[in-house]
Amino acid sequence: MSSQESGTRTIRPLPSPLDGTMTVPGDKSISHRAILFSAMAEGTSRLLGVLDSSDVRASIEAVQKLGATVTLEKQTDGSLAGGVEGWGAAGPKQPDGPIYCANSGTTARLLMGVLAPWDIEVRIEGDEHLSKRPMRRITAPLMMMGVNFEPAGAETLPITEHGTKNLRAITYDSPMASAQLKTAVLLAGVRANGVTELNEPSVSRNHTELMLPEYGVETTAGERTARVKGPACMHSAEIRVPGDPSSAAFIVCAALLKPGSAIQIENVSLNTARTGFLFTLERMGADVATRRTGSAGKEPFGVISACYTPGLHGCEIPGDKIASLVDEVPVLSLVAAHAHGITVFRNVEELRAKESDRLEAIVRGLALLGVDAWTEGDDLFIEGQPNLQVPEGLVFDSRSDHRLAMTWALVGLTGKVPVDVTDFGSVDVSYPDFLHDIVKLCH
Ligand code: S3P
């Protein structure tokens, strides 16, 4: 069922506190990369713990259309595991039609880098939401490397990409901290002649830099600089995908808000480029902790624990920390709505360009709760209400955005009255079993 077909869902209060230990599905960012990088490599890569969601399926279908052989199978824990045989030095095949990326910005943007070094012509399409999201940020640096796009200067999908085997390595000063942009440029750089370097204004997630060496690419992962040395022949790799901290964030925040709760989430990525939400919650006074238990390749993972915390207080999140929690701003805003005092997220303009305009959605959704939230320039302010009473009969518009659907669902799950959430099926994008998993924690 696509997110558009699935309708409004009534979300009822959980019958008891959240209690116990669980795991969350595989990390979405790492799953996309494992599939795309394996498709680019020579030989058969072995993948474990891959997220099975509509977004990741868009990447799987894309690489299949381009000639990779994917033999991932559903496991009893709900993940995908198996092989991906890549096209390696032969390159991808010319697909016989457009590549449809559905709702997945990561698929569309990373694919542009994957296709850049090959003499093929590929039309990239997306659903109505993805077709509104900015693409110029990706096409601009790739054009500097020698790639052509049609229409030239297109801001949004559909876009047809004409790759080239004569890619130029570049040094690019990125105008924003975006891991998707960084990855597209680095992936193109893998087959360009020389060192491709990308500098960013603040640190974005570094999964690409950590994973490319597993496939044999000489890569530098600096604080705000990443480099690859091309041309490189990628070889197959074995990748184990840890749990997704962005999915874990919803469970953690539910536990903080539901009286009596105490939970542990095992096998979650503890990559600090992703766990900014935990630092923020700690600063708000939340009872959260992490314990590292191992690493998958260079990705650290471990246990996150969280307990119900009354008496949370607001805090200020500086602009240079936003990339480390960019997908968690909606759910952190809901926690801030229950906290004492004002919470300020600085420089969150990127939220306007996500799966929906999340800034506007947060302000409107919190207004339904009677919570004052507003923007000033690119900053988001939330004035919390520690004794927030949720009115009956609220209907939240998810805007077919998975992270908004789960955020507003927490209002019903952790409160005393049910709420309705429109297009709840959009959770399929990142966490199809979200409701099932959270209900299981109530014995
Ligand atoms: C992602 C990077 C982030 C994030 C998105 C996934 C990635 O986007 O919001 O959900 O996998 O690289 P930007 O690169 O646009 O910041």
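**Figure 1. Helix α8 and its buried residues in the predicted model.** Helix α8 spans residues 276-283. Its buried residues are G276, F277, L278, T280 and L281. As a general rule, an α-helix has 3.6 residues a turn, so residues three or four places apart point the same way.

**Figure 2. The surroundings of α8.** The buried residues of this helix pack against two other helices, α7 (245-257) and α9 (329-337). They also pack against the strands β16 (287-296), β17 (299-307) and β18 (316-317). After the helix comes G285, which has a positive phi, near 95 degrees.

**Figure 3. Polar contacts of the ligand.** Three side chains are shown with their distances to ligand oxygen atoms. For S29, a polar side-chain atom lies 2.7 Å from an oxygen atom of the ligand. In the side chain of R33, an N or O atom is likewise 2.7 Å from a ligand oxygen atom. For S178, the distance from a polar side-chain atom to an oxygen atom of the ligand is 2.6 Å. The ligand taken alone exposes 380 Å², of which the protein buries 95%.

**Figure 4. The shell of residues around the ligand.** This shell consists of S29, R33, T106, R109, S178, A179, Q180, R205, V326, D327 and K354. By class, 5 of these residues are charged, 4 are polar and 2 are nonpolar. Helices α1 (28-40), α3 (105-115) and α5 (179-189) each give two or more residues to the shell.

**Figure 5. The ligand between two domains.** Domain 1 comprises residues 2-25 and 242-440, and domain 2 comprises residues 28-240. The ligand lies between these domains because both give residues to the shell around it.

Note on methods
Residues are numbered from 1 along each chain as its sequence is written. This is a predicted model: local features need pLDDT of at least 70, side-chain atom pairs count only at pLDDT 80 or more; totals for chains, interfaces and linings use all residues. Side-chain values use heavy atoms; hydrogens and water are left out. Buried means under 20% relative accessible area, exposed over 50%, partly exposed in between (1.4 Å probe, protein chains only). Helices (H or I, at least four residues) and strands (E, at least two) are DSSP runs, numbered from the N terminus. Contact means heavy atoms within 4.5 Å. A residue is near a molecule or strand if one of its heavy atoms lies within 4 Å of it. A polar contact is a pair of N or O atoms within 3.5 Å; within protein, one must be able to donate a hydrogen and the other to accept it, and residues adjacent in sequence count only if both atoms are side-chain atoms. Accessible areas come from the Shrake-Rupley method with a 1.4 Å probe; for residues, only the protein chains shown count as cover. Ala, Val, Leu, Ile, Met, Phe, Trp, Tyr, Cys and Pro count as nonpolar, Asp, Glu, Lys and Arg as charged, and the others, Gly among them, as polar. Domain bounds come from an automatic or database domain assignment.
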